Amino acid sequence: QGGNNAGHTVVVDGKEYDFHLFPSGIINPKAISFIGISTTDSLYLLTGLKDWEKRLIISDRAHLVFDFHQAVDGLQEVQRQAQEGKNIGTTKKGIGPTYSSKAARTGLRICDLLSDFDEFSSRFKNLAQQYKSMFPTLEIDIEGQLKKLKGYAEKIRPMVRDGVYFMYEALHGSPKKILVEGANAALLDIDFGTYPFVTSSNCTVGGVCTGLGVPPQHVGDVYGVVKAYTTRVGIGAFPTEQINEIGDLLQSRGHEWGVTTGRKRRCGWLDLVSLKYAHMINGFTALALTKLDILDVLDEIKIGVAYKLGGKRIPYFP
């Protein structure tokens with residue numbers, strides 16, 4: 001789910017890779033990587049690894065992020081700051097506006113781009129016009145964009161498949177190991193996260209079903225990836241945050257910079273309340289605990305164990 005707003009840093013055989021949109025399995029030359037019904041930035045797809053085209057498949061139902069979606073994302077942040085004195089802290093990658101188009105049923109998908117280009121162009125112009133009427137300062141080079149998109153269409157055409165049938169065959173054909181990688185974190189989920197400081201998609205385990213068309217009975221083990229301390233890029237509730245030398249130490253020793261934005265991540269002690277909450281929603285069968293070594297230099301380690309609301313301990317995440 002999501003788009004190139006979420007960053008993952010992966011180290012394999014001593015080499016570091018920064019991922020934004022590709023599934024990180026693309027490193028493995030024996031694996032086939034599949035991008036489901038997320039939002040896809042066509043510009044971004046065409047950069048990256050060697051020979052990746054041969055092992056990448058894109059769902060025909062993936063929504064497209066356009067340049068004007070990205071521009072609008074920035075304009076909306078400026079607007080929020082002016083009106084409310086605070087913004088959401090988005091990555092300005094156009095994800096929110098693209099999901100807005102999707103929900104308003106005016107979005108355009110890979111299948112639209114690859115079918116009748118005249119029809120696609122006309123719908124693209126309508127969508128661009130809608131945004132121009134909402135944001136009068138917005139400038140869009142419609143013809144230039146369409147020319148670029150026509151070029152991308154031919155480059156990605158060989159990679160595009162009917163994603164639902166592709167997953168059905170993978171699940172029911174010869175036995176395969178299937179690993180689904182989610183992006184963002186449970187607390188950035190549009191429904192279960194710290195709204196409104198969230199992303200625009202479901203980044204909980206339900207995304208396996210809604211993003212790939214995989215029936216629930218096929219979901220096997222669920223691995224929760226959690227750091228030994230808590231971090232957050234952008235604004236939002238963070239009760240265990242350490243705005244002091246501890247936070248600075250975690251930030252510098254852990255190299256806590258947003259992979260996509262380059263912003264410093266906010267750092268604090270491990271918050272078990274939010275971790276248990278993530279488990280309530282996702283039902284982890286295992287946890288992958290990372291960055292424990294960052295805490296090696298500390299004599300004492302603290303952990304958030306409970307929240308109080310109105311002076312009373314509560315067993316849930318409010």
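Helix 5 and helix 6 are oblique to each other in this predicted model. The crossing angle is roughly 140 degrees, and since the cut-off for roughly antiparallel is over 145, the pair therefore falls in the oblique class. Their axes come within 11 Å. Helix 5 spans residues 117-134, helix 6 residues 142-156, and the crossing is right-handed.

On the helix 5 side, the contact uses Phe117, Phe120, Ser121, Phe124, Lys125 and Ala128. Helix 6 contributes Ile142, Glu143, Gln145, Leu146, Leu149 and Lys150. By class, that contact divides into 7 nonpolar, 2 polar and 3 charged residues.

Now the other helix pair. Helix 2, residues 67-84, packs against helix 3, residues 95-103. The angle here is about 110 degrees, and the axes are 7 Å apart. Helix 2 and helix 3 are therefore roughly perpendicular to each other. Their crossing is right-handed.

Which residues make this contact? From helix 2 they are His69, Val72, Asp73 and Gln76, and from helix 3 they are Ile95, Pro97, Thr98 and Ser101. The class count for helix 2 with helix 3 is 3 nonpolar, 4 polar and 1 charged.

Next, the aromatic rings. How many aromatic pairs does the structure hold? The count is 10. I will go through two of them.

Phe68 and Tyr131 form a tilted pair, with 5.6 Å centre to centre and 45 degrees between the planes. Phe68 sits in helix 2 and Tyr131 in helix 5, so this pair links distant parts of the chain, 63 residues apart. Are these two residues buried or exposed? Phe68 and Tyr131 are both buried.

The second pair is Tyr277 with Phe317, and this one is stacked. The ring centres are 4.5 Å apart, and the planes differ by 20 degrees. Tyr277 belongs to helix 10, residues 272-282, while Phe317 lies in the segment after strand 14 (312-314). The two are 40 residues apart, and the pair again links distant parts of the chain. Tyr277 is buried, as is Phe317.

Finally, the cluster. Ring pairs join Phe66, Phe68, Phe117, Phe120, Phe124 and Tyr131. Among these, Phe117, Phe120 and Phe124 also appear in the contact of helix 5 with helix 6, and Phe68 and Tyr131 are the tilted pair from before.

Terms used:
Residues numbered from 1 in each chain as written. Predicted model: local features only at pLDDT ≥ 70, side-chain atom pairs only at ≥ 80, totals over all residues. Heavy atoms only, no water. Axes fitted to C-alpha atoms, helices over the stretch in contact; angles between N-to-C directions. Helix = DSSP H or I, 4+ residues; strand = E, 2+ residues; numbered from the N terminus. Parallel < 35°, antiparallel > 145°, perpendicular 65-115°, else oblique. Left-handed = near helix turned anticlockwise from the far one by under 90°. Contact = heavy atoms within 4.5 Å. Nonpolar A, V, L, I, M, F, W, Y, C, P; charged D, E, K, R; others polar. Phe/Tyr/Trp six-rings, centres within 6.5 Å; stacked < 30°, edge-to-face > 60°. Buried < 20%, exposed > 50% of the residue type's maximum accessible area, 1.4 Å probe, protein only.
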